[in-house]
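Dear colleague,

Please find below the structure that I am handing over to you. A short account of what was found in it follows.

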Amino acid sequence: MFEKTGIPSKEMVMEKFPSQDRINKGPVAIVECYREIPCNPCETACRFNAIRVGEDINNIPQINFDKCTGCAICLSKCPGLAIMIADGSKSEDTVEIKIPYEFLPLPGEGQVVKGLDREGKHITDVKVLKVTNPKSFDRTPVITIEVDRKFLYEIRNIRVEV
Ligand code: SF4
Ligand code: SF4
């Protein structure tokens, strides 16, 4: 399925996730880079040396979840919009997810928007907690959403209805 559609299987997604314990400790990056492509801004952007592509720029990036602080700098620098941040430290019922969002209009803070899975299907409604869009993010705004924990492995995008 992935070769035809570019949509990863559940197993492929799960391999990119850290443990629930790590997510519950605080924000951490999930790097959904599945293809060997010549790309490494995630590695060069990370000041904590948490992501490694290595000498061959075609390597798939590897993340050290213990070194990752969840700062989200790599998220804004990834041209493939392949990175999100998950933080399960705030609530037993919900997780905070940061995603890159390059569409207009941007949502407003407090707005309830459609939460989408990796196929773009609506799976739940989510609340927008924060919209971060500094110049240093170079037109890749980062949206923080609050998501029911049961959708942790499915949620990947949002749709803002006007
Ligand atoms: S979220 Fe921050 S610390 Fe974690 S891999 Fe990305 S840049 Fe590095
Ligand atoms: S910057 Fe994004 S697309 Fe490029 S290697 Fe890193 S995760 Fe993959």
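Ligand 1 is surrounded by 13 residues (each with a heavy atom within 4 Å of the ligand), and the closest are C46, C68, C71, A72 and C74. By class, this shell holds 11 nonpolar, 2 polar and no charged residues; Ala, Val, Leu, Ile, Met, Phe, Trp, Tyr, Cys and Pro count as nonpolar, Asp, Glu, Lys and Arg as charged, and the others, Gly among them, as polar.

The model is predicted: local features need pLDDT of at least 70 and side-chain atom pairs pLDDT 80 or more, whereas totals for chains, interfaces and linings use all residues. Residues are numbered from 1 along each chain as its sequence is written, chains are lettered from A and ligands numbered from 1 in the order in which they are written, and side-chain values use heavy atoms, without hydrogens and water.

Around ligand 2 lie V31, C33, I37, C39, P41, C42, P61, C78 and P79. This shell divides into 9 nonpolar, no polar and no charged residues. Two of its cysteines, C33 and C42, may be described further. C33 counts as buried because its relative accessibility is 17%, and buried means under 20% relative accessible area (1.4 Å probe, protein chains only). C42 is also buried, with a relative accessible area of 9%.

Finally, how many disulfides are there, taking a pair of cysteine sulfur atoms within 2.5 Å as the rule? The count comes to 0. A disulfide is a covalent bond between the sulfur atoms of two cysteines.

With kind regards

Key. Disulfide = S-S within 2.5 Å. Buried < 20%, exposed > 50% of the residue type's maximum accessible area, 1.4 Å probe, protein only.
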